[in-house]
Amino acid sequence: MGTEGLVEVVLPGKVEPEGLRIRHGAVPAAGPGQVVIRMEATGVSFAEQQMRRGRYYDQPAFPFVPGYDLVGTVLTTGEGVEPHLAGTRVAALVKVGGWASHVVVDAADVVPVPDGIGAAEAETLVVNGITAWQMLHRKARVRAGHTVVVHGANGGVGSVLVQLAQAAGARVIGTASARHHDALRERGVAPVDYRADDVAAQIRELAPHGVDAVFDHVGGAGIVDSWRLLAPGGTVVSYGSASTRDDEGSKQMPVLKLLGRVWLWNALPNRRRAYFFNVWAGRALTKNRFRSRLHADLTQVFAALQRGEVSAQIAAQLPLTRVADALRLAESGTVAGKVVLNP
């Protein structure tokens with residue numbers, strides 16, 4: 001093998017993508033209960049786009065290594081970890097630290113990737129797959145015969161939501177810009193142009209009795225429309241505030257405003273529910289429950305990929321050292337699928 005070195009990407013502060021730095025060092029050792037993963041694929045998420053602007057609501061202090069999730073092979077195991085884990089391909093959700101050739105992770109946080117699934121394929125479905133699965137099945141409890149609205153139906157999470165909802169037997173209405181409509185129709189989705197003035201009216205026309213779930217990644221004022229589209233017993237799941245990515249000012253305020261609104265709605269006696277979904281919710285309080293859910297849900301997503309119910313959309317693969325190009329590409333909004341980084 002020869003000697004391996006650590007290569008990692010450092011976000012030094014609020015910078016343009018070109019301001020990211022490449023740092024070299026020694027490969028870390030696994031402590032008790034830990035494993036060292038040799039990264040094979042990591043990705044550019046919306047989180048890093050916010051972090052480089054200093055706008056992700058609980059990012060660590062600069063400088064740090066970004067990278068929300070990764071897939072790779074276990075290189076070494078620490079004390080108290082099953083030694084047979086070494087050599088197996090695993091996925092991990094880490095929030096930060098993934099943009100590195102070698103990553104130390106608690107063994108309890110890794111999820112095995114089934115044979116026959118490539119590292120880049122699996123990577124496209126870690127954060128996006130868990131997010132989509134949990135919102136669909138744990139929050140909205142979508143079932144056969146339901147009608148659901150997916151905003152940004154061609155996006156990272158949106159495209160997975162569409163496919164998982166259809167696999168569950170639901171009818172999907174998807175918003176996207178007009179150039180994606182043919183692709184959505186081919187997938188059996190009823191498309192609506194999200195740039196139109198009367199998005200809600202168009203959706204109502206397609207579902208006059210209301211919808212069973214709305215998945216809203218935009219946040220902001222539009223969530224009111226999402227709530228009004230619900231049939232009795234329906235659920236709106238808000239999972240981001242894309243509309244506030246470039247805003248200046250408080251990182252917490254958009255989130256707090258939404259939470260206040262959601263709390264108020266849930267107090268109303270109309271059987272409709274609103275959730276503000278965060279994939280990390282509950283981790284601090286119930287670590288074991290959080291881990292077992294994550295493990296179960298990502299395993300389900302990988303099984304759906306193996307059955308062909310979900311496709312892995314790789315927009316591009318670039319080496320870690322070209323991270324500035326990768327981030328620019330992801331932020332351009334011109335690609336379908338996930339921009340993947342390889343070592």
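The exercises below work through a sheet, a helix and a single residue of this structure.

The model is predicted, so local features need pLDDT of at least 70 and side-chain atom pairs count only at pLDDT 80 or more, while totals for chains, interfaces and linings use all residues. Residues are numbered from 1 along each chain as its sequence is written, and side-chain values use heavy atoms, with hydrogens and water left out.

**Exercise 1.** Find the order of the strands in the open sheet of six strands, and say which strands form its edges.

*Solution.* Helices (H or I, at least four residues) and strands (E, at least two) are DSSP runs, numbered from the N terminus, and two strands pair if DSSP finds at least two bridges between them. With parallel pairing, the order reads S10-S9-S8-S11-S12-S13. The edges are S10 (190-193) and S13 (273-276), each of which pairs on one side only. Within the sheet, S8 (residues 147-151) and S11 (residues 211-216) run parallel and are joined by three bridges, and Val150 stands opposite Phe215 in S11.

**Exercise 2.** Determine which strands helix H3 and helix H6 touch or lie across.

*Solution.* Contact means heavy atoms within 4.5 Å, and angles run from 0 to 180 degrees between N-to-C directions of axes, which are lines fitted to C-alpha atoms, for helices over the stretch in contact. H3 (residues 127-139) packs on the sheet and touches S11, S12 (230-238) and S13, its direction making about 150 degrees with that of S12. H6 (residues 199-206) lies across S8, S9 (171-176), S10 and S11, and runs at about 160 degrees to S10.

**Exercise 3.** Check the span of helix H9 (residues 287-306), and explain why its buried residues are on the same side.

*Solution.* The expected span is 1.5 Å times one less than the number of residues, so the 20 residues of H9 should span 28 Å, which agrees with end C-alpha atoms 28 Å apart. Buried means under 20% relative accessible area, exposed over 50%, and partly exposed in between (1.4 Å probe, protein chains only). The buried residues of H9 are Phe290, Arg291, Leu294, Asp297, Leu298, Val301, Phe302, Ala304 and Leu305. They are on the same side of H9 because they cover an arc of only 155 degrees around the axis, the arc being that of the directions from the helix axis to the C-beta atoms.

**Exercise 4.** Describe the surroundings of Val74 in strand S4 (residues 69-77).

*Solution.* Val74 has a relative accessible area of 2% and is therefore buried. Leaving aside neighbours within four places in sequence, the contacts of Val74 include Val35, Val36, Ile37 and Leu85.
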